[in-house]
Amino acid sequence: MKRLGCSSHGEEDIRIHPFFRRIDWNKIENREVQPPFKPKIKHRKDVSNFDRQFTNEKTDLTPTDKLFMMNLDQTEFFGFSFLNPEFVQHV
């Protein structure tokens with residue numbers, strides 16, 4: 001069901017919105033625009049720019065139950081080959 005006043009042109013709806021009227025999308029796509037703010041980081045995993053409210057929260061890790069993992073539908077990842085070397089555990 002389509003809501004009144006909403007279109008379904010996706011990305012184009014954002015590009016033509018009056019709020020973004022001064023954006024040169026070609027320069028953005030070609031990475032020719034300097035960001036207005038570049039956070040200073042000490043290392044690749046530096047989280048000092050995030051509020052401590054979030055960095056102090058306990059993490060919920062993926063279940064490690066092997067039977068559960070074996071029964072997950074993995075077809076969504078067919079052809080996916082990237083493994084982030086920083087997060088791959090070597091056994």
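These are my notebook entries on a predicted model.

**Entry 1: overall layout**

I started with the secondary structure. I found four helices and zero strands. Read from the N terminus on, the elements go α-α-α-α. I then looked up burial. The protein has 91 residues, and 1% of them count as buried. I also noted the accessible surface, which comes to about 10,200 Å². Carbon and sulfur atoms hold 58% of that surface.

**Entry 2: salt bridges**

How many salt bridges does a search of the whole structure find? I got two.

I took the pair Glu11 and Arg15 to begin with. Their side chains meet in a salt bridge at 2.8 Å, N to O. Both residues sit in helix 1 (residues 11-15). They are four residues apart there, so about one helical turn separates them. I checked the exposure of Glu11 as well. Its relative accessibility is 52%, so Glu11 counts as exposed.

Next I took Glu29 and Arg15. This salt bridge is listed at 2.2 Å, N to O. Glu29 belongs to helix 2 and Arg15 to helix 1, so this pair ties together parts that are 14 residues apart in sequence. Glu29 has a relative accessible area of 49%, which makes it partly exposed.

I noted that Arg15 appears in both pairs. Glu11, Arg15 and Glu29 are thus entered as a network of salt bridges. A general reminder for myself: side chains of opposite charge can pair when their charged atoms come close.

**Entry 3: Asp46**

I moved on to a charged residue with no such partner. Where is Asp46 placed? I located Asp46 in the loop between helix 2 (25-29) and helix 3 (52-55).

Asp46 is buried, yet I found no salt bridge for it. The nearest side chain of opposite charge is that of Lys42, 4.7 Å away. Why does that pair not count? A salt bridge needs the nitrogen and the carboxyl oxygen within 4 Å, so Lys42 at 4.7 Å does not qualify.

Which backbone nitrogens does the side chain of Asp46 reach? One is the backbone nitrogen of Lys42, at 2.8 Å. Another is the backbone nitrogen of Ser48, at 2.9 Å. So Lys42 enters my notes twice, through its side chain at 4.7 Å and through its backbone nitrogen at 2.8 Å. I also listed contacts, not counting residues up to four places away in sequence. On that count Asp46 touches Lys40 and Ile41.

**Entry 4: Arg31**

I looked at backbone angles next. Arg31 has a phi near 55°. That is a positive value in a residue other than glycine. I set this beside the usual picture: most residues other than glycine have a negative phi. Arg31 lies in the loop between helix 2 and helix 3. Is Arg31 buried or exposed? Its relative accessible area is 78%, so I put it down as exposed.

**Entry 5: nonpolar patch**

Last, I looked up the nonpolar surface. Which residues make the nonpolar surface patch? I found Ile23, Ile28 and Val33, with a patch area of about 220 Å². I followed up on Val33. It is found in the loop between helix 2 and helix 3. Val33 is partly exposed, at a relative accessible area of 43%.

Terms used:
Residues are numbered from 1 along each chain as its sequence is written. This is a predicted model: local features need pLDDT of at least 70, side-chain atom pairs count only at pLDDT 80 or more; totals for chains, interfaces and linings use all residues. Side-chain values use heavy atoms; hydrogens and water are left out. Helices (H or I, at least four residues) and strands (E, at least two) are DSSP runs, numbered from the N terminus. Buried means under 20% relative accessible area, exposed over 50%, partly exposed in between (1.4 Å probe, protein chains only). Lys and Arg count as positive and Asp and Glu as negative; His and the chain ends are not counted. A polar contact is a pair of N or O atoms within 3.5 Å; within protein, one must be able to donate a hydrogen and the other to accept it, and residues adjacent in sequence count only if both atoms are side-chain atoms. Contact means heavy atoms within 4.5 Å. Patches are made of residues with over 30% relative accessible area and no salt bridge: like charges are joined within 9 Å, nonpolar side chains (Val, Leu, Ile, Met, Phe, Trp, Tyr) within 5 Å. Accessible areas come from the Shrake-Rupley method with a 1.4 Å probe; for residues, only the protein chains shown count as cover.
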